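Student: Please take a close look at a single residue in this model and at the strand that comes after it. I would like one connected account.

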Amino acid sequence: MRGGLHQSPLMEWTGEALLIGVRRHGETSLIAEAMVAGRGRSLGLVRGGRSPKLAATLQPGNTVQLTWRARLEDHLGIFTVEMLQARAAALIADRKRLYLAQLVCEHLRLLPERDPHDRLLGMALSLLDHDPDGATLARFELTLLDELGFGLDLSSCASTGVTEDLTHVSPRSGRAVSRAAAQPYLDRLLALPSFLTARGNASPDDLRAAFRLTGHFLDMHLWSARGIEHPPTREPLIDMLTEDETPPSERR
């Protein structure tokens with residue numbers, strides 16, 4: 001130790017992560033944003049991240065091995081990155097999959113930094129690795145609300161306490177309402193498609209109702225509450241997910 005100074009050891013961790021965003025930093029570097037298993041949404045500086053060598057790796061939707069180093073835990077820190085699973089090229093080639101990946105990444109960026117959400121990460125990876133599925137995406141949005149502390153109570157009727165034949169949701173409280181109790185207030189309630197509370201197939205109308213439901217509460221608790229815009233790919237993606245099985249004469 002020269003002059004009595006103590007050199008603090010670097011803090012370091014390594015983990016598998018889904019890249020969810022990048023932004024420029026200076027002339028040659030990037031700040032990468034990723035969902036890390038066991039660690040949640042994490043950010044770090046990638047030196048030389050704008051180089052051709054790293055361009056293909058640092059694409060949202062790819063799974064990478066990250067090593068993070070910093071002097072102190074609350075510092076931004078430095079990422080070193082190694083590709084594990086490349087998805088970006090396949091996503092770009094399929095507009096539906098691309099919009100799905102962009103929406104999933106936008107949703108994950110709503111999570112607090114460094115707060116583990118492995119359930120959501122697992123659902124996100126499943127969405128990215130399979131054909132686009134509206135029912136799974138709707139459940140992902142419900143889970144996002146739940147993990148952020150705004151979960152809907154779909155276990156029993158808010159009015160009568162019954163646990164069966166739940167068909168609607170209060171737009172204020174987020175609690176389920178049974179078919180009988182909902183009758184006088186149908187114009188004020190949000191439809192609750194049955195596939196969200198039980199196993200079963202989802203029709204295009206069911207999917208549209210599910211996305212109206214999740215969209216209402218995402219806007220109330222997150223988008224409008226934080227003063228941020230709705231993800232621009234969400235509505236076009238919903239149209240694509242619900243038009244596939246809709247007869248042409250019934251499409252908007």
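Tutor: In this predicted model, a polar atom of the asparagine 62 side chain lies 2.7 Å from the backbone nitrogen of arginine 87. The side chain of asparagine 62 also reaches the backbone nitrogen of alanine 88, at 3.0 Å.

As for its place in the chain, asparagine 62 is in the loop between α1 (52–55) and β4 (63–70). Its relative accessibility is 1%, and because the cut-off for buried is under 20%, asparagine 62 counts as buried. Leaving aside residues up to four places away in sequence, asparagine 62 touches Ala17, Leu18 and Leu19, then Ala56 and Thr57, and also Met83, Gln85, Ala86, Arg87 and Ala88. Among these contacts, Arg87 and Ala88 are the residues whose backbone nitrogens were named above.

The strand β4 comes next. Six of the eight residues of β4 are buried, so the strand is largely enclosed by the rest of the structure. Strand β4 pairs with two others. With β1 (residues 11–25), β4 pairs in the antiparallel sense over eight bridges; in this pairing, alanine 70 of β4 is the bridge partner of methionine 11. With β5 (residues 78–85), β4 also runs antiparallel, and seven bridges join the two. Here tryptophan 68 has phenylalanine 79 of β5 as its bridge partner.

The contacts of asparagine 62 can be set against these strands: Ala17, Leu18 and Leu19 are among the residues touched and fall within the 11–25 range of β1, while Met83 and Gln85, also touched, fall within the 78–85 range of β5.

Technical notes
Residues are numbered from 1 along each chain as its sequence is written. This is a predicted model: local features need pLDDT of at least 70, side-chain atom pairs count only at pLDDT 80 or more; totals for chains, interfaces and linings use all residues. Side-chain values use heavy atoms; hydrogens and water are left out. Helices (H or I, at least four residues) and strands (E, at least two) are DSSP runs, numbered from the N terminus. Buried means under 20% relative accessible area, exposed over 50%, partly exposed in between (1.4 Å probe, protein chains only). A polar contact is a pair of N or O atoms within 3.5 Å; within protein, one must be able to donate a hydrogen and the other to accept it, and residues adjacent in sequence count only if both atoms are side-chain atoms. Contact means heavy atoms within 4.5 Å. Two strands pair if DSSP finds at least two bridges between them.
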